[in-house]
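Visitor: I would like a close look at one part of this model rather than a tour. Please begin with the charged side chains and then move on to what surrounds them.

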Amino acid sequence: MEKEKELQEELQEMNECEECAPSVMDPDYILRIEPTLRWLRVQVGSIWFADTRHALLVKETGKVPLYYFPKKDVRFDLLSKSGKHIYVEHKGVATFWDLK
């Protein structure tokens, strides 16, 4: 449950976008956040960008399940903000990153 709380706090931070206004929520919409026991790694070429045993599996109505990595397990020194942000209904603002 601590991992779920951590993700909820990160999502709350993303919701602080003043330019984005949420739409009316669908009463049939379901968002589930579950811890996973999987060891997840992200590699491009020979470089590892993320490595975690503490990911969260995010399942939502009408979408493919996604894994969320804790910030502490991502190599942000190898990434740069792209400048692109979008509003994701029910979750808030998503920030895009580029490989350096």
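## Salt bridges and the strands around them

Guide: Arg75, at 38% relative accessibility, counts as partly exposed. The model is a predicted one, and every value below is computed from it. The side chain of Arg75 forms a salt bridge with that of Asp77, with 2.7 Å from N to O. Asp77 has a relative accessible area of 46% and is therefore partly exposed, since that class lies between 20% and 50%. Elsewhere, Arg32, Glu34 and Lys59 are joined into one network by salt bridges that share partners. The structure has 5 salt bridges, and the network can be taken apart pair by pair.

One of its pairs is Glu34 with Arg32, whose side chains meet at 2.3 Å, N to O. Arg32 is partly exposed, with a relative accessibility of 43%. Glu34 is also classed as partly exposed, at 21%; the limit for buried is under 20%, so the value for Glu34 falls on the partly exposed side of it. The other pair is Lys59 with Glu34, at 3.5 Å from N to O. This pair connects distant parts of the chain, because Lys59 belongs to strand E4 and Glu34 to strand E1, 25 residues apart. Lys59 counts as partly exposed at 30% relative accessibility. Glu34 is thus the partner shared by Arg32 and Lys59. As background, side chains of opposite charge can pair when their charged atoms come close.

The link between E1 and E4 leads to the sheet. E1, E4 and E5 make up an open sheet of 3 strands, in the order E1-E4-E5 and with antiparallel pairing. The edges are taken by E1 (31-35) and E5 (66-68); each has a single partner strand, so one side of each has no neighbour in the sheet. From one strand to the next, the twist averages 30 degrees. In general, strands of a sheet pair through backbone hydrogen bonds, either parallel or antiparallel. E4, which covers residues 56-60, is joined to E5 by 3 bridges, and the two run antiparallel. Within this part of the sheet, Val58 stands opposite Leu66 in E5.

Asp28 comes from the loop between helix H1 (2-14) and E1. With a relative accessible area of 60%, Asp28 is exposed, because the cut-off for that class is over 50%. Asp28 and Thr61 are separated by 33 residues in sequence, while their C-alpha atoms are 8.1 Å apart in space.

Another antiparallel pair is made by E2 (residues 40-44) and E3, over 5 bridges. These two strands form a hairpin with 2 residues between them, and Gly45 in the turn has a positive phi of about 65 degrees. Thr52 is in E3, which spans residues 47-52, and is the bridge partner of Leu40. Thr52 is buried, as its relative accessible area is 1%. The side chain of Thr52 reaches the backbone nitrogen of His54 at 2.8 Å.

Positive charges also meet aromatic rings here. Arg41 lies over the face of Trp48, 3.7 Å from the ring centre. Lys84 has its charged end over the ring of Phe96, at 4.6 Å from the centre. As for rings paired with rings, a search of the whole structure finds 1 aromatic pair.

For context, the protein has 1 helix and 7 strands, which follow the pattern α-β-β-β-β-β-β-β along the sequence. Of its 100 residues, 21% are buried. Thr52 is one of the buried residues, whereas Arg32, Glu34 and Lys59 of the salt-bridge network are partly exposed.

Terms used:
Residues are numbered from 1 along each chain as its sequence is written. This is a predicted model: local features need pLDDT of at least 70, side-chain atom pairs count only at pLDDT 80 or more; totals for chains, interfaces and linings use all residues. Side-chain values use heavy atoms; hydrogens and water are left out. Two strands pair if DSSP finds at least two bridges between them. Helices (H or I, at least four residues) and strands (E, at least two) are DSSP runs, numbered from the N terminus. Axes are lines fitted to C-alpha atoms, for helices over the stretch in contact, and angles run from 0 to 180 degrees between N-to-C directions. Buried means under 20% relative accessible area, exposed over 50%, partly exposed in between (1.4 Å probe, protein chains only). Rings of Phe, Tyr and Trp (its six-membered ring) pair if their centres lie within 6.5 Å; planes under 30 degrees apart count as stacked, over 60 as edge-to-face and the rest as tilted. A charge sits over a ring if NZ of Lys or CZ of Arg is within 6 Å of the ring centre and within 35 degrees of the ring normal. A salt bridge is a side-chain nitrogen of Lys or Arg within 4 Å of a carboxyl oxygen of Asp or Glu. A polar contact is a pair of N or O atoms within 3.5 Å; within protein, one must be able to donate a hydrogen and the other to accept it, and residues adjacent in sequence count only if both atoms are side-chain atoms.
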